[in-house]
Structure formats: structure tokens, C-alpha cells
Amino acid sequence: MATIGDTVTLIRRAPEATAETRDPRTEPKKDRQGRSYATGRRKNAIARVWIKPGSGQFTVNGRDQLVYFARPVLRMLLSQPFASVKREGQYDVKCSVAGGGLSGQAGAVRHGISRALCLFEPALRPQLKAGGFLTRDARVVERKKYGKAKARRSFQFSKR
């Protein structure tokens with residue numbers, strides 16, 4: 001029969017870190033090729049993003065990032081998550097993006113990169129969260145209403 005002393009030592013002993021007790025949020029999530037996958041969204045654009053360690057190669061819809069996103073502002077948008085966690089040029093990014101315009105697509109890719117980085121290196125989550133990269137920007141275009149020229153603009157008024 002167990003004594004009170006045995007019970008106290010059982011309570012004081014910390015549980016062993018097994019596969020069942022590990023926190024899944026601190027474990028990297030990678031596929032067989034060593035990549036992390038995430039989906040990013042912005043306006044009407046949806047981006048599917050895969051990242052893996054590499055030389056910094058960036059492919060969008062089978063084309064180089066410099067060709068697809070020609071405007072420097074859009075390219076700067078894509079590099080922001082890497083710059084905030086000081087990982088520029090350490091990951092290869094492959095993404096396919098559809099819907100919306102170029103600005104929305106760049107925002108969707110940025111969102112996808114941030115989420116994929118969190119899955120690849122869970123320790124980076126607080127930095128990315130503080131930078132606002134993990135929050136999905138919910139702003140979308142307001143629909144046009146009947147009796148109006150646009151969403152809110154009225155037709156020109158004439159007294160005649």
C-alpha cells in the first residue's frame with residue numbers, strides 16, 4: 001500500500017515531455033519536401049504559398065517576382081515579413097495567386113508568407129504578430145447600390 005510520502009513525490013514530479021503532451025504550436029509543420037504551406041488572402045485575391053530553406057528564389061505563378069510584380073512598392077510589400085524577422089534571402093518562396101488586382105495579390109502573398117513562416121519557425125510568431133503581418137485585412141470594395149452611380153455617389157442633381 002502506498003504511503004502519503006509516495007503520493008507527495010508522485011505529485012511533485014513533472015510529467016515527461018512525450019509526443020502526446022508536446023504543444024503542437026511549438027512544433028514546425030513541414031511536408032515531405034521540407035516545405036511549409038499557407039494560404040494568404042487580401043481583397044479578392046487568394047495566394048497559396050510554399051516556403052523552404054534556400055537561396056532566396058521567389059517565384060509567382062511560374063514567373064520571377066521581379067517580372068510578376070514590376071512595381072517596387074509591391075516587391076517591398078513582399079519582403080516585409082522576412083525583413084521584420086531578419087530572414088532575408090534564407091527561404092525560397094513559390095506561390096500561385098489568383099483573383100483581384102496586383103495590389104491585392106501582393107497583399108495576399110505577404111499574408112501567406114507570414115503564415116508559412118509561422119508554421120516553419122513557430123518562434124517567429126510574436127514578431128510577425130506585432131508587425132501586423134498575420135492579421136487578414138478584411139477591407140473589401142463596397143457593393144454598388146441601385147439608384148446610385150457607384151456605391152455611395154449620387155447622380156448629379158438638376159433643379160429643372
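In the predicted model, Thr39 has Arg48 of strand β2 as its bridge partner, and a second such pair is formed by Gly40, which stands opposite Ala47 in β2. These pairs belong to the antiparallel pairing of β1 (residues 36-42) with β2 (residues 45-53), which extends over seven bridges. The two strands form a hairpin in which two residues lie between them, and Lys43, located in the turn, has a positive phi of about 50°. Strand β1 is largely enclosed by the rest of the structure, because five of its seven residues are buried, where buried refers to a relative accessible area under 20%.

Strand β2 also pairs with β5, again in the antiparallel sense, and this pairing comprises eight bridges. Within the pairing of these two strands, Lys52 is found opposite Asp92 of β5. Strand β2 thus takes part in antiparallel pairings with both β1 and β5.

Helix α3, which covers residues 72-84, consists of 13 residues, and the distance from its first C-alpha to its last is 18 Å, close to the 18 Å expected at 1.5 Å a residue. The helix nevertheless bends by about 35° at Leu78, and a proline, Pro81, follows within four residues of that position. Both Leu78 and Pro81 are among the buried residues of α3, the others being Leu74 and Phe82. The cover over these buried residues includes elements from several parts of the chain, namely β3 (58-60), α2 (65-68), β5 (91-98), α4 (102-120) and α5 (125-131). Strand β5 therefore appears in two settings, as a part of the cover over the buried residues of α3 and as the antiparallel partner of β2, by the criterion that two strands pair if at least two bridges are found between them. Just after α3, a positive phi of about 55° is taken by Lys86.

With regard to the chain as a whole, five helices and five strands are present, and from the N terminus on these elements follow the order α-β-β-β-β-α-α-β-α-α. Of the 160 residues in the chain, 28% are buried. When contacts between residues at least 6 apart in sequence are considered, 69% of them join residues that are at least 24 apart. The area exposed by the chain amounts to about 11,400 Å², of which 54% is supplied by carbon and sulfur atoms.

Key: Residues are numbered from 1 along each chain as its sequence is written. This is a predicted model: local features need pLDDT of at least 70, side-chain atom pairs count only at pLDDT 80 or more; totals for chains, interfaces and linings use all residues. Side-chain values use heavy atoms; hydrogens and water are left out. The expected span of a helix is 1.5 Å times one less than its number of residues. The bend at a residue is the angle between axes fitted to the seven residues ending there and the seven starting there. Buried means under 20% relative accessible area, exposed over 50%, partly exposed in between (1.4 Å probe, protein chains only). Contact means heavy atoms within 4.5 Å. Accessible areas come from the Shrake-Rupley method with a 1.4 Å probe; for residues, only the protein chains shown count as cover.
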